[in-house]
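The following paragraphs walk through a single protein model, beginning with one pair of residues and moving outward from there.

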Amino acid sequence: MKQTTALITGAASGIGLAVAKRLAETGHDLYLLDRSPNIEAITADLSPNAGKVFTRVADVSKEEEIVAATKDAIEKLGGVAILVNCAGISPKGNGGPVPLEEIKVEDWEYCHRINLVAPFVFCRELIPQMAKAGYGRVVSISSRSARMHVGPASFDYHSSKAGLLGFSRALAGTYAEQGVTVNCVAPGRVDTPLSRTTRPELLEHAKTLIPARRFASPDEIAASVQFLVSPDASYITGSCVDVNGGAYMN
Ligand SMILES: NC(=O)c1ccc[n+]([C@@H]2O[C@H](COP(=O)([O-])OP(=O)(O)OC[C@H]3O[C@@H](n4cnc5c(N)ncnc54)[C@H](O)[C@@H]3O)[C@@H](O)[C@H]2O)c1
């Protein structure tokens, strides 16, 4: 299996797209997945240095669509060495957090289904072939809200992103010996369409709480992902890289 074969979810927009652009630049073979049909046009924006590029329209809230996509990716790329879980949603009520008493169980479950269950299914389908090959890199995009209370984010979002950290640590401890590293990147506020679902005045206030006094660009998050999925990051596993302009320090 080539060490430069990557499946990226949520690759039609924001952070996922920025990761796809960086990995294309460095000649990776890519399998880009999103529920948005825009994913099919993404290849035109990628560097000509890219290796083979495949796109797939799939909804990660549906287990059968993930299973079919991962099988197809393994076949088309000859194995998948890198998995980047970027697809995610941030439920909002009137551009802010949904009040606790208004969250229905099905809303809570849907948020977890996309932000936490889907990464689990991708890992279940892809990590065994990485372990068999003796090499693998998994990076999941968590959030600063997994580390601290973030006012504009909803309860289910906080919970799902914190769950990713625990799941990733368990995988990291289990598969380290087989050469598979599993890490998270926890961005603070990033300038993407997902962020723009928050009310403008909440966004302006959020900026005042960030020591850097600005939001990240998607590419500033992708830079950390690019390092973690590279062979150079071979001894980093079970970690969470905080990329937040100083808004959370540990
Ligand atoms: N933007 C931020 O401030 C921020 C901060 C912390 C963490 N994050 C996380 O980063 C990740 C990427 O977010 P982004 O800001 O780039 O958002 P974005 O909305 O620009 O991109 C998310 C992508 O995920 C896709 N997606 C959503 N639900 C899907 C589904 N069911 N099936 C397939 N694809 C689906 C969307 O179509 C979209 O292309 C998310 O997990 C998000 O929670 C974002």
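In this predicted model, I8 has L32 in β2 as its bridge partner. That pair belongs to the contact between β1, residues 5-9, and β2, where five bridges join the two strands and the strands run parallel.

These two strands are part of an open sheet of seven, ordered β3-β2-β1-β4-β5-β6-β7, with parallel pairing. At the edges lie β3 (53-57) and β7 (240-243), each of which pairs on one side only. From one strand to the next, the twist averages 15°.

Helices pack on this sheet. One of them, α1, touches β1, β2, β4 (82-85), β5 (136-141) and β6 (180-187), and the direction of α1 makes about 165° with that of β1. Helix α3, residues 105-133, also packs on the sheet. The strands touched by α3 are β1, β2, β4, β5 and β6, and the angle between the directions of α3 and β4 is about 170°.

The next feature is a pocket. The largest pocket in the model has a volume of about 1,000 Å³. Its lining consists of 47 residues, of which G88, I89, S90, T192 and L194 are the closest to the pocket centre. Two or more lining residues come from each of α1 (14-25), β2 (29-34), α4 (155-175) and α5 (200-208). Helix α1, which packs on the sheet, and strand β2, which is joined to β1 by five bridges, are thus among the elements that contribute to this lining. By residue type, the lining of the largest pocket divides into 22 nonpolar, 18 polar and seven charged residues.

Key
Residues are numbered from 1 along each chain as its sequence is written. This is a predicted model: local features need pLDDT of at least 70, side-chain atom pairs count only at pLDDT 80 or more; totals for chains, interfaces and linings use all residues. Side-chain values use heavy atoms; hydrogens and water are left out. On a 1 Å grid over the protein atoms alone, a cavity is a set of points where a 1.4 Å probe fits but cannot get out, and a pocket is an open set with protein on both sides within 12 Å along at least five of seven lines; lining residues have an atom within 4 Å of a point. Grid points are joined across faces, edges and corners, and a volume is the space filled by probe spheres set on the points. Helices (H or I, at least four residues) and strands (E, at least two) are DSSP runs, numbered from the N terminus. Ala, Val, Leu, Ile, Met, Phe, Trp, Tyr, Cys and Pro count as nonpolar, Asp, Glu, Lys and Arg as charged, and the others, Gly among them, as polar. Two strands pair if DSSP finds at least two bridges between them. Axes are lines fitted to C-alpha atoms, for helices over the stretch in contact, and angles run from 0 to 180 degrees between N-to-C directions. Contact means heavy atoms within 4.5 Å.
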